[in-house]
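Trainee: Please take one part of this model and go through it closely. I would like the sheet, with the loops and rings that go with it.

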Amino acid sequence: MVALAGLGALMVGVILLVWYFRYNREGDWYEEPEIPGGVRCPNCGAINPPNAPVCMNCHQPLAYSGGFAPPVGSPTLASPPGAIRIDPDPIPAQATAPAALAAARMAPPPPMPPQVSVPVDMPRAWLEGVGGAMMGQRVRLYQTDTLVGRSSVCDVQAPDAKVSRRHFMIRYAEGSFFLQDQQSSRGTRINGQRTMAQRLKNGDHIEFGDAGVVFRCDES
């Protein structure tokens with residue numbers, strides 16, 4: 001009887017362990033609260049942010065097209081602090097990565113929103129979305145710290161299941177911009193190399209999850 005009880009307890013433990021790894025393999029994704037006004041994916045049933053181009057869970061295109069546009073009143077459209085999302089972008093959503101990079105090099109910086117105070121010595125800088133959930137997005141950087149991630153508290157949101165809630169931060173200090181990974185589960189890559197902290201240069205290609213952006217800085 002003691003042996004049978006021990007065997008039963010072992011089997012229960014194995015089942016619980018398998019269940020834990022199966023439903024927690026995506027890290028912090030399942031901790032996100034229900035999204036008000038979200039759109040349900042017809043493929044997997046996951047709830048996505050309004051106007052998200054692809055499902056954050058299965059990455060299948062949703063039933064409509066167009067770039068990501070948060071609902072009115074969301075933190076990304078609030079008054080400063082926070083980065084300003086400028087839509088629409090001249091880069092077509094169906095553009096390939098090389099074409100998007102070429103278009104990003106030629107595109108002018110997004111306009112500065114009115115009544116925004118920028119540090120005196122801070123040059124014009126912005127992000128050009130060239131891949132994944134950031135395709136077609138153009139974000140002007142006008143504060144010393146800009147947080148990028150999947151959470152609604154971030155200054156720049158990327159609706160991608162592979163992007164951590166707080167993925168990386170772009171910080172302006174001592175006349176330069178620096179990228180600092182925020183201990184993301186899948187890491188951040190600059191020009192194909194994974195990094196935790198690195199000084200940014202004009203034209204650097206930043207990859208996080210399935211998303212990609214090009215850092216632009218007009219030091220003139």
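Mentor: What follows goes through the sheet, then the aromatic rings, then two loop residues. This is a predicted model, in which local features need pLDDT of at least 70 and side-chain atom pairs count only at pLDDT 80 or more, while totals for chains, interfaces and linings use all residues. Residues are numbered from 1 along each chain as its sequence is written, and side-chain values use heavy atoms, with hydrogens and water left out.

The sheet is open and has five strands, in the order 7-6-8-9-12, with mixed pairing. Strands here are DSSP runs of E with at least two residues, helices are runs of H or I with at least four residues, and both are numbered from the N terminus. Two strands pair if DSSP finds at least two bridges between them. At the edges stand strand 7 (156–157) and strand 12 (197–199); each has a single partner strand, so one side of each is left without a neighbour in the sheet. Strand 12 runs antiparallel to strand 9, and three bridges join the two. Phenylalanine 178 has arginine 199, in strand 12, as its bridge partner. Strands of a sheet pair through backbone hydrogen bonds, either parallel or antiparallel.

Now the rings. The whole structure holds three aromatic pairs. In one of them, the ring centres of tyrosine 172 and phenylalanine 177 lie 4.8 Å apart with the planes at 50°, so this pair is tilted. Rings of Phe, Tyr and Trp (its six-membered ring) pair if their centres lie within 6.5 Å; planes under 30 degrees apart count as stacked, over 60 as edge-to-face and the rest as tilted. Tyrosine 172 is buried at 8% relative accessibility, and phenylalanine 177 is buried at 4%. Buried means under 20% relative accessible area, exposed over 50% and partly exposed in between, with a 1.4 Å probe and protein chains only. Tyr172 and Phe177 form one aromatic cluster with Phe215.

The loop between strand 8 (168–173) and strand 9 (176–181) contains glutamate 174. Glutamate 174 has a phi near 55°, a positive value in a residue other than glycine. With a relative accessible area of 82%, glutamate 174 is exposed.

Asparagine 191 is in the loop between strand 10 (188–190) and strand 11 (193–195). Its phi is also positive, at about 55°, although asparagine 191 is not a glycine. Asparagine 191 counts as partly exposed, at 44% relative accessibility.
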